[in-house]
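Subject: Structure handover and findings

Hello,

Here is the structure for your files. My notes on it follow below.

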Amino acid sequence: MPISSDHITRRRVLTRSAGIVGFIMGGLLTHTSFAALLPKPTPRQSLGPFFPDDGDEVDAIRENSNPDLPISQANDQDLTFVKGRKGKAKGQVVYLRGQVLDAKTGQPIPNAVLIMWSASATGRYNHKGDEGTHNFPHPKTGKIIHRTHDEHFQYWGKAITNLQGEYWFKTIVPGFYPIDLKAGLYRPSHLHFKILRPNTQTFVTQLYFRGDHIPNNELNQELLPNDVVILDAGLLPEEQERVIVDYAPDASGKITNGLIGNYHFAIPS
Ligand SMILES: [Fe+2]
């Protein structure tokens, strides 16, 4: 992992564990305070139409959106280049890291499989179903955006949590894209996730971006409350807040290596 978060995340786990042990051993904490120790559940959101099929080449155009098929080839955490090709994905690089936790107990979930996918920096999915408007005017500047494929973007990634339930991804900020130009509907930049763990229901959601250095940050924040997926999922403002990740430069203030965001998924048992 290029960025060490071991110390911070272990301390969080220890703090959480200490609280739960204190509750069990001493019986001093009320039920309410025990609940306060638990992470708030990550809201579910829809899979979307562009989930890839299994078995194709990494940059093949996918046709099948069957959600039960895992990806076998896009199987690493760095989406910013395609193996065997010289060149890097277009767009602002970001690192997303955190833990997968059990929402009921607060405990980390080891060996959970996270599959992440998104559009390219110009908002185009690597999927045959994404045949809509390929060029559109930026709603604020009027500048034409060409929704193009990026041969250096991996589009899908997979991470498996370690014993502390930790994961990380390196990717780019996907472009926002139009849903209905006439109606002025756009989807804000987002990452899709499918999380699998043995003997439990697959968990599906989407995460959004916020931060001074995020491309189109102001527009993205404006789009969020009226986003079709967020509205369809019935997310209250407080729940919307729980699927937005703040990205910032590293401790030295540099963004050249990529912005950093932290996110803990809290999913059902
Ligand atoms: Fe999407």
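Where is the place of N216? N216 sits in a loop, the one between β10 (203–210) and α3 (217–223). Please keep in mind that the model is predicted.

Backbone angles

The phi angle of N216 is near 55°, which is positive although the residue is not glycine. N216 counts as buried because 21 C-beta neighbours lie inside 10 Å, and the cut-off for that class is 20 or more.

N111 also has a positive phi without being glycine, with a value near 60°. N111 belongs to the loop between β1 and β2 (113–117). N111 has 13 C-beta neighbours inside 10 Å, so this residue counts as partly exposed; a residue is exposed at 12 or fewer.

Overall composition

The protein chain contains five helices and 13 strands. It has 269 residues, and 35% of them count as buried. If you take the contacts in the protein chain between residues at least 6 apart in sequence, 70% of these join residues at least 24 apart.

Nonpolar core

In soluble globular proteins, nonpolar side chains tend to be buried together. In this model, the largest nonpolar core has 50 residues. Which of its residues touch the most other members? They are V100, L114 and I195. The strand that gives the most to this core is β1 (residues 93–102), with five residues.

For I195, leaving out residues up to four places away in sequence, the residues touched are V100, A112, L114, F203, F265 and I267. V100 and L114 are thus on the contact list of I195, and both are named with I195 as touching the most other core members.

Strand pairing

Strand β1 is also paired with strand β12 (residues 259–262): the two run parallel and are joined by four bridges. Within this part of the model, R97 stands opposite N262 of β12.

What is the sense of the pairing between β11 (residues 244–248) and β12? The pairing is antiparallel, over two bridges. One residue to look at here is Y247, whose bridge partner in β12 is G261. Strand β12 therefore has a parallel pairing with β1 and an antiparallel pairing with β11.

Regards

Note on methods
Residues numbered from 1 in each chain as written. Predicted model: local features only at pLDDT ≥ 70, side-chain atom pairs only at ≥ 80, totals over all residues. Core = buried A, V, L, I, M, F, W, Y, C linked by C-beta atoms within 7 Å. Contact = placed C-beta atoms within 7 Å. Pairing = 2+ DSSP bridges.
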